Every structure is written in C-alpha cells, then in structure tokens.
Amino acid sequence: MKTNDLTGMGLRNLWRRKTRTILTVLGVVIGSSAILLMISLGLGQERAFQKSLEMFGNIRIIEVDNYGSWDSDGKTETPKLNADTVEMIKQIEGVQSVLSSYGTYVQLKAGKYEGGAQLMGVNLDDLEAFQFKLGEGELPKPTDKNALIVGASFAEMFYDPRSREWQPADFDPLITPIKGFVGGEYDQNGNKKRAMTFKVSGMLEPSGNNDYTVFMDQAALLKLIEDEERKNPNGNGGGKKKNEEREYERVQVLCETIDDVEVIHQTLKDMGLGAYSPIEYVKYEKQKMQTQQMVLGGIGAVSLLIAAIGITNTMIMAIYERTKEIGVMKVLGAEVKDIMKLFLFEAAIIGLLGGLVGIGISLIGSDVINAVNASMQADMMGNFDYYGELPEIQDISYIPMWLIGSSLLFSTFIGVVSGFLPAVRATKLSALEAIRNE
C-alpha cells in the first residue's frame with residue numbers, strides 16, 4: 001500500500017471513532033502538559049539559581065585568610081599569610097592565579113568633598129584574571145605616581161562636610177584632583193599631615209562586589225606604608241616593619257576549573273589556612289534541585305504512563321472492532337508491514353495531537369504561574385524598604401524551545417510504543433477467521 005493510502009485510511013479510522021479518539025488524546029494532553037510544567041518548574045528554579053550566583057562573583061575563586069582551620073585535636077597551626085605562603089599556594093595543581101593584597105586606610109579629599117577608603121595594593125596585571133574589568137580610563141603606567149584604580153561607586157564614598165544634610169558627591173573621579181592622607185589626616189601628636197596627590201587612572205565596571213574597592217600598585221602602596229611608619233612610628237602601623245614580615249590582608253585564589261575548587265579548598269585547609277568558597281553552597285543547591293526535578297518529573301511521568309495505557313486500550317478495542325476489515329485487507333493483498341504501519345500511524349497521531357495540545361496548555365499555564373508569582377513577589381517587596389533599584393523578579397517556570405521539541409517527540413514516541421503490541425496482534429490475525437468474524 002502507498003503511504004498516502006495508509007495515511008488517509010488511518011485518519012478516517014480515527015475520525016470515525018472521534019469520541020474515543022478525543023478522550024484518548026485528552027489523556028495524552030494531561031500527561032504531556034503535566035510533565036512539561038513539572039520540568040519547567042525545575043528549569044525555572046535552576047535558572048533563578050544561576051542568576052543568584054552572580055552575587056558571589058566568580059565561583060572559581062577561593063577566599064583565603066590566616067584565621068586557621070579546626071581539626072579533631074583543636075585549631076591547626078596557622079602559617080603566616082606572607083609572600084612565602086602565597087608562593088606555596090601558586091604551586092598547588094589547578095591554581096590559575098593568586099591575587100594577594102596589602103591594605104591600609106587612607107583619608108581622601110576631592111574638592112569640597114571628603115571620604116575614606118581601604119586602599120588595597122595588588123599586582124594590577126592580575127586584576128583581569130579575577131574579572132575586574134575597566135569601564136573607563138586605563139591601567140596606570142610605570143611613570144604614574146600614586147595612581148588608583150577605583151570601583152564604580154567610588155564617588156559615593158564622599159560627602160560634603162559643610163552640608164547639613166547628606167547629599168551624594170557630584171564629581172568625576174577621572175578628572176578631579178584627589179588629595180589623601182595615609183592612616184588619617186592627623187598624626188599621633190594631633191598635627192596635620194602634608195597631603196599627597198593621588199590620580200584616578202581607571203574606573204572598574206559595576207559588579208556589585210567591588211564597586212567600593214580602591215586599588216593601587218602593590219610596590220607603590222608598600223612605599224607609602226613604609227613612609228608613614230617612618231614618619232609616625234607609633235601610628236596605626238604599630239612601628240616600622242620589613243616587607244618580608246608583612247602579612248597580606250586579603251588573598252584570593254583563582255582555580256582553573258570548577259572541578260578543581262573542592263580539591264584546592266581542602267588543600268588550603270590542610271595547610272592550616274582558613275578558606276571559603278561558594279562552591280559548597282552551589283553543590284548543596286544543585287543536589288537539592290536535582291532531587292526536586294526527579295520528583296517533579298516522576299509526577300508528570302505517572303500521568304503520561306496512564307495516557308500510554310489509554311492509547312494501548314484504544315488500539316486494542318480498534319482491533320476487535322475492525323477484525324473483519326483487517327481480514328479483508330489481507331485477502332486483498334495487504335502485507336503484514338502495511339497493517340503494522342497503519343496501527344502505528346494511528347497511535348502516533350494520537351500521541352502527536354496530545355503533545356501539541358499539551359504544549360499549548362503548558363505555555364499558557366507557565367505564563368499564568370509566572371504572572372501569579374510576579375504579583376506575589378511584588379506584594380512582598382512592597383512591604384520592605386529598598387534602597388536603589390528593586391531586585392529583578394525571576395520566572396519560576398521556564399519552557400525553552402528544546403523542551404517544546406523534546407516534549408512533542410516524546411509524546412509521539414509514547415504513542416508509537418503504546419500502539420506497538422496492538423499492531424503486532426493485528427498482524428497475527430488469520431485472514432479467513434477475520435473475514436468470518438461478525
């Protein structure tokens with residue numbers, strides 16, 4: 001039989017028993033829409049989680065401190081967080097880069113505005129590896145003296161001391177002369193220090209995590225600290241120190257891959273260092289989401305299984321009702337494979353129609369779920385005071401195109417599988433017995 005003949009005959013058979021066909025398709029609709037919505041909720045949750053990871057920055061970064069770690073016998077011996085320790089960290093397999101920084105307080109003035117900042121001395125060439133990206137300006141040149149790289153919110157750290165009400169500072173850091181005092185404007189004797197001039201060479205892109213950070217070249221900062229300790233030996237520095245005796249205020253370790261983070265994290269703890277990485281939180285959340293997705297998918301799969309049983313039942317009933325028709329087809333020369341194709345085609349059409357309608361219902365349902373969630377979230381946010389922009393409301397149901405295509409193929413496949421046994425049974429009917437059947 002030709003393909004056109006099989007297609008036409010299959011569609012006419014389904015239409016002839018349209019009530020049963022519609023009810024069977026309805027079972028597939030319920031099953032396919034249920035599993036699609038359940039999976040969409042899991043994907044929506046995963047998508048929202050990925051968005052929330054932006055708060056942590058790069059999850060391949062481990063924060064290191066010298067507070068030490070704890071073992072069964074108590075606190076382990078804590079190594080100094082100095083240049084030698086950092087060099088040891090760099091030798092650990094899987095470490096891509098290390099950003100170590102010294103820090104000191106500096107009081108700043110920009111025209112009529114005043115402010116203060118923690119000035120961090122780093123190797124400026126390492127900033128790019130740690131996703132510090134310049135938004136304006138450029139990295140300092142070797143000839144630039146006291147050049148700074150500042151965060152996007154640098155100006156917000158300043159205020160007008162003569163104003164009775166707090167107002168945000170209004171100046172461009174890249175063109176405004178900056179005066180500063182390391183350790184504060186006055187020395188330990190109450191005498192006013194001589195101001196030094198700083199130059200803002202570049203401003204970082206907004207990131208949320210480092211918008212209030214101020215960087216300068218590490219060697220340049222160490223020179224400023226040495227000068228301050230020499231002039232004010234009893235100041236905040238606590239006396240003059242040799243550079244090799246200084247400990248870093250902050251050390252960040254960038255791992256080559258996410259898989260390296262857990263191993264390096266444990267290695268740092270074994271060294272007696274304190275270490276923190278958001279990868280621990282990420283692992284826990286991913287395991288929790290996988291469990292939830294399995295549960296949600298299982299609920300939808302039960303509905304689809306019931307629909308598959310309905311298709312099988314429909315096709316078996318069709319065999320009983322069309323026994324004589326099958327016998328006539330065999331007598332007229334229809335091959336076994338033609339009868340097989342006919343019943344599989346009818347079952348596939350039931351699955352396809354159910355999948356199409358189920359996708360439409362799922363898309364509408366997804367929009368309704370997201371609209372209700374957005375309304376509830378907006379009401380909750382209205383009960384709190386937010387400074388700046390309100391947090392973005394994330395959809396809790398997400399149906400990508402690949403999921404739509406997969407759902408359609410899967411529902412059609414379920415139809416074919418459900419119709420396979422009835423189709424085999426139809427091919428095994430005896431032609432003579434089928435013709436005699438009333």
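How many aromatic pairs does a search of the whole structure find? The search finds five. The model under discussion is a predicted one.

## Overall architecture

The protein chain contains ten helices and 13 strands. Of its 438 residues, 42% are buried. Contacts within the chain often span long stretches of sequence: among those between residues at least 6 apart, 80% join residues at least 24 apart.

The chain exposes about 25,000 Å². Carbon and sulfur atoms supply 56% of that exposed area.

## Aromatic pairs and a ring under a charge

One of the five aromatic pairs is formed by Phe154 and Phe158, whose ring centres lie 5.1 Å apart. Their planes meet at 70°, so the arrangement is edge-to-face, given that planes over 60 degrees apart are classed in this way. Phe154 is buried, its relative accessible area being 1%. Phe158 is likewise buried, at 1% relative accessibility. Both residues belong to one aromatic cluster, which is formed by Tyr113, Phe154, Phe158 and Phe171.

Another aromatic residue, Trp15, has a charged side chain as its partner. Lys18 lies over the face of Trp15, at 5.1 Å from the ring centre.

## A buried aspartate without a salt bridge

Asp211 is located in the loop that runs between β10 (196-204) and β11 (214-217). The residue is buried, yet has no salt bridge. Which side chain of opposite charge is nearest to Asp211? It is that of Arg250, which is 12 Å away. Since a salt bridge requires a nitrogen of Lys or Arg within 4 Å of a carboxyl oxygen, Arg250 at 12 Å does not provide one for Asp211.

The surroundings of Asp211 can also be described by its contacts. With neighbours within four places in sequence left aside, Asp211 is in contact with Gly151, Ala152, Ser153, Phe154, Glu205 and Pro206. Phe154, one of these contacts, is also a member of the aromatic cluster described above.

## Salt bridges

The structure holds eleven salt bridges. One of them joins the side chains of Glu185 and Lys192, with an N to O distance of 3.2 Å. Is each partner buried or exposed? Glu185 is buried, with a relative accessible area of 8%, whereas Lys192 is exposed, with a value of 53%.

Helix α4 (residues 218-231) contains both Lys223 and Asp227. Their side chains meet in a salt bridge of 3.5 Å, N to O, and the two residues are four apart, about one turn of the helix. Asp227 also forms a salt bridge with Arg230, at 3.6 Å, N to O. Arg230 and Asp227 are three residues apart in helix α4 and are therefore separated by about one helical turn. Elsewhere, salt bridges with shared partners join Lys109, Glu114, Glu185 and Lys192 into one network.

## Two buried asparagines in loops

Asn146 is found in the loop between β6 (134-137) and β7 (147-150). At 10% relative accessibility, the residue counts as buried. Most residues other than glycine have a negative phi. Asn146, by contrast, has a positive phi, near 55°.

Asn82 is placed in the loop between β3 (74-75) and α3 (83-90). With a relative accessible area of 12%, Asn82 is buried. Where does the chain bring Asn82 in relation to Glu247? The two residues are 165 positions apart in sequence, while their C-alpha atoms are 4.6 Å apart in space.

## A buried serine in strand β4

Ser97 lies in strand β4, which covers residues 95-110. At 13% relative accessibility, Ser97 counts as buried, because the limit for this class is under 20%.

Which residues does Ser97 touch, not counting those up to four places away in sequence? They are Asp126, Ala129 and Phe130, together with Gln252, Val253 and Leu254.

Conventions:
Residues are numbered from 1 along each chain as its sequence is written. Side-chain values use heavy atoms; hydrogens and water are left out. Rings of Phe, Tyr and Trp (its six-membered ring) pair if their centres lie within 6.5 Å; planes under 30 degrees apart count as stacked, over 60 as edge-to-face and the rest as tilted. Buried means under 20% relative accessible area, exposed over 50%, partly exposed in between (1.4 Å probe, protein chains only). A charge sits over a ring if NZ of Lys or CZ of Arg is within 6 Å of the ring centre and within 35 degrees of the ring normal. Lys and Arg count as positive and Asp and Glu as negative; His and the chain ends are not counted. Contact means heavy atoms within 4.5 Å. Accessible areas come from the Shrake-Rupley method with a 1.4 Å probe; for residues, only the protein chains shown count as cover.
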